[in-house]
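User: Hi! I have a structure here that I would like to go through with you, one question at a time.

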Amino acid sequence: MDATDIQILIVGSAGDGTIAAGNILRQALAEAGYKVISFDVYPPEIRGFGKCIARMRATIAQAYSLKQQSDVMLSLDDSHAIPHVGEVRDWGAVLYESKPVANAPQGHITGHIRPGQIPYGCAIREISEKATGANRSRNIVALGYLAGLYGLPREAFHAIIDRQFKKRGAEVASVNRKAFDEGYAAGAGAFKLDDVAFGPPQPNVAPGTVVEMINGNAAVVKGCLDAGIDCFFGYPITPATTIMERLATEMPRHGKRLVQTEDEISAISATIGAGFAGTRSATATSGPGLSLMQEMLGLGTMAEVPSVVFVSQRGGPSTGMPTKTEQSDLNSALFGGHGDAPRIVMAPTNVEGCYRCAGKAFEMAEAYQTPVIVLLDLYLSNRYETVAFGQKSPFEPDVNKRPRKQDLGAGYKRFALVEGGVSPRAVPGDAGGMHIVTGLEHNEMGRPADSAEMHLAMCDKRLDKLKGALVHPDFTVTKRFGAMGKAAVGLLAWGSTFGECLEAMFQAEKEGIDCAAMKVVMLSPFPEEAVSAFMDDCAAVLVPELNHDGQFARLVQGTLGRKVVKLTRVPGVPMRVSDILGEIRRLAGRNLPQAAE
Amino acid sequence: MVYLEEKLKEVQDSGRLEYRSKALPTWCPGCGYFAMVDGVAHALNALGIPKENTVVVSGIGCSSRFPFFLDTFGMHTLHGRALPTATGVKVANEDLTVLAVGGDGDGFAIGCGHLPHVAKRNVDITYLLFDNGIYGLTKGQTSPTSAKGFKTPTSPYENPDQPLNPLLMMLSYGASWVGQSYAGQPDHLKEMIVKAMAHRGFSYLHILSPCVTFDKTHRTYGNLGMTVRPVPASHDTTNQNAAMQLATGGDPPPIGVYYAVPRPTLGDSLDGLVMKAGGELPRRRGTARAAE
């Protein structure tokens, strides 16, 4: 059979420990040696009875997104799980409580399981009460049942449970271990009928690397630390908050400083102040915060001060949908401020990319003396992937262009009009480097100057110097996948949706469609040549993205003057691979039936 | 002529011209802000702070052009954002002497939201607020410290609002040093800037100044000269309540030091977090600082 590719779905109600169980499961699968990609969905309220979903896909080969259909579903709350029964494939498994205290309003879940899906009832609550004297460990018992049913390595789970509950005392850990073992025994003893089978994992870790189960925001933090971040200023906002929370723990350990400011304006102001002082500084926010930061980002461009802003997008406009994902802040990131204010904007497409972009953002901010926006989204921020990290930081600790001694003193020109546009920058503490940065248009000395010639020269300088970002060392600006020559359909995408594009491309290839895909990581400056060359090769170019107006499609069309086909969706959740595949088929002239839902 | 020559020699000998830039101030003749350039240059000189270790951060307004007239590092930022930007500079490098300067509109209208936070954090910077009770750079509109009844192009009948009381606000926000001075008394101003800068922690110096171009009726040299009086010698500068009472007494309230108490700065607290987390503190030069 094919190499392992199994997707597990856990559905429960807030308070059931759904996400906690999912967290243990994905870590254990990673520990066991599978590649894992995982994304949870939960309601904006902390308490209450909202639906919580943990989804994870364990594979041997690299996967790029979740699958549309799951192989196994574990229900911790039937009323929430019943609407998801249809997500389980034929001959897949549905695991549920066999002795519920009360039936769900829709009736018992077994009444909803389709012929062909295999039901597994387990007396989860009873086992929990027997093992621990309480029904609080239902989620762990259920997890044990699932692990036992599929013969997953028990030791991996024990290690994670110990780690997870250690903080709450050795006793809590041992009680949960017992709950897990009881569930495991029940699962191992069950008569298995489905065709879900975990093949042997391939822990092929490259020498010198360590595999981590990590989400996008945590990868950003790791990138910040490996790039030697000095200062961070932030204001809490979903879904970016966990970047600040994690940095608040980590930075003091490295002797670095983090301040929670009174608002986003203050956060970006302080970030730019710290950048002026010569340190690597950053802030993180979401769409509403980015709107507040726009004026100060314009100063960052004008004053040529390095700063890094991580923006995790959520549903907009206004307060929008704070716990739903969207890619609708591209326009804001590119064009949000007033005046001609170019800046560097990049968007990673996966969790490893979050790490690389985070680190490289500091390099580029410093090298090109400008604000750098790294666009994430909720899907990427909260999506877990197994990533192999090297043990040494791949980032340059200092790429500043400093003035020569003889250029300092009374005649020092902070904004000298030099080849390439990057003027040597002195920082406070450098004798003879004194200068004023200003939001006013200025001359080479930094003094207010508004002649037509000077304004043009400075506008050119601020734009031209960014071109360096397109050839920045060791950075993937664009990358092409699939058919390398002519293709019937080319997928052109940015950000988190690129994973779904690749999955759709693989399926289209299986159907015999010549398909190619290009991810565009650098959005400003725009990689015109690479994108144009890709479009030359494709009979039709499809741009799937999670926003209403097709912001990236417009960017491509506006920049290159060439038509693309938009595919826009705003469901608040990742795009369906089948939607992309349907468009590919249509554009390729295929009139095939829709894939089974 | 003799007087002028003597004055010139005194200024040249003092060493404070070292801190002045070649750019000539853009203010109107007679503006109170000239005294502040001289005052800050004097204070930097008196405290022996190297110019390359000094960063002056301002917002937008007449007074916010200030950094251009000193030969130090400077940031001329956005309207209302001098304080958070200055906070970033100081957090990044504790060895720097950081001043924030701005006017009443910049600080108490658009930038008002930052004041309580910079005060409560006790960021080790000095904030010089040049209060002329008017928006000078946009040609004389009403500001948050304009008197009630004041007529301006944006309040042509009269200003219907009560003015804010900046001193009372800063005291209640917990600023660790609060004082007031007057541009018409340059020697007092010099002394107060030195004191404010010597304070370790957030120091707020409110400086009364006329706008000679757009206010011919209210806050003039004539009116201020008649009403400005010193803080009584008996005032206890460690008594917050007494300081608040002073701030509410008189129009304008007296000039001098209202409140001065040492407490840990933001930098101290952040260093404390590093120690708690088991991290290592970065090496610093340690800025020489006159004792208070």
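User: How far apart do the C-alpha centres of domain 2 of chain A and domain 3 of chain A lie?
Analyst: Happy to help, and please keep in mind that this is a predicted model. Chain A is divided into domain 1 (5-189), domain 2 (211-390) and domain 3 (478-587). For domain 2 and domain 3 of chain A, the distance between the C-alpha centres is 25 Å.

User: How many residues of domain 2 of chain A are in contact with domain 3 of chain A?
Analyst: On the domain 2 side, the elements giving two or more residues are α11 (330-335), β12 (344-346), β13 (371-377) and α13 (378-382) of chain A. By class, that side has twelve nonpolar, eight polar and four charged residues. Domain 3 of chain A takes part with 21 residues, and domain 2 of chain A with 24 residues.

User: Is A:Gln369 buried or exposed?
Analyst: A:Gln369 sits in the loop between α12 and β13 of chain A, and its phi is positive, near 50 degrees, though the residue is not glycine. A residue is buried if 20 or more other C-beta atoms lie within 10 Å of its own. A:Gln369 has 26 C-beta neighbours inside 10 Å, so it counts as buried.

User: And is A:Asp474 buried or exposed?
Analyst: A:Asp474 also has a positive phi, about 60 degrees, without being a glycine. Its place is the loop between α14 (452-464) and β16 (478-482) of chain A. The cut-off for exposed is 12 or fewer C-beta atoms within 10 Å. With 11 C-beta neighbours inside 10 Å, A:Asp474 therefore counts as exposed.

User: Which helix of chain A gives the most to the largest nonpolar core?
Analyst: The largest nonpolar core has 253 residues, and A:Ile584 is among those with the most contacts inside it. A:Ile584 touches residues including A:Val489, A:Ala504 and A:Leu542. The helix giving the most to this core, with eleven residues, is α12 (residues 351-368).

User: Which element gives the most to the side of chain B that touches chain A?
Analyst: The contact takes 40 residues from each of chain A and chain B. On the chain B side, β2 (73-76), α3 (82-92) and α10 (266-276) give two or more residues. The most, eight residues, comes from α3(B).

User: Which residue of β2(B) stands opposite A:Thr438?
Analyst: Strand β15 (residues 436-438) of chain A and β2(B) run parallel and are joined by three bridges. Opposite A:Thr438, in β2(B), stands B:His76.

Notes:
Residues are numbered from 1 along each chain as its sequence is written. Chains are lettered from A and ligands numbered from 1 in the order in which they are written. This is a predicted model: local features need pLDDT of at least 70, side-chain atom pairs count only at pLDDT 80 or more; totals for chains, interfaces and linings use all residues. Two residues are in contact if their C-beta atoms, placed from the backbone, lie within 7 Å. Helices (H or I, at least four residues) and strands (E, at least two) are DSSP runs, numbered from the N terminus. Two strands pair if DSSP finds at least two bridges between them. A nonpolar core is a set of buried Ala, Val, Leu, Ile, Met, Phe, Trp, Tyr and Cys residues joined through C-beta atoms within 7 Å. Domain bounds come from an automatic or database domain assignment. Ala, Val, Leu, Ile, Met, Phe, Trp, Tyr, Cys and Pro count as nonpolar, Asp, Glu, Lys and Arg as charged, and the others, Gly among them, as polar. Lists of a residue's contacts leave out its neighbours within four places in sequence.
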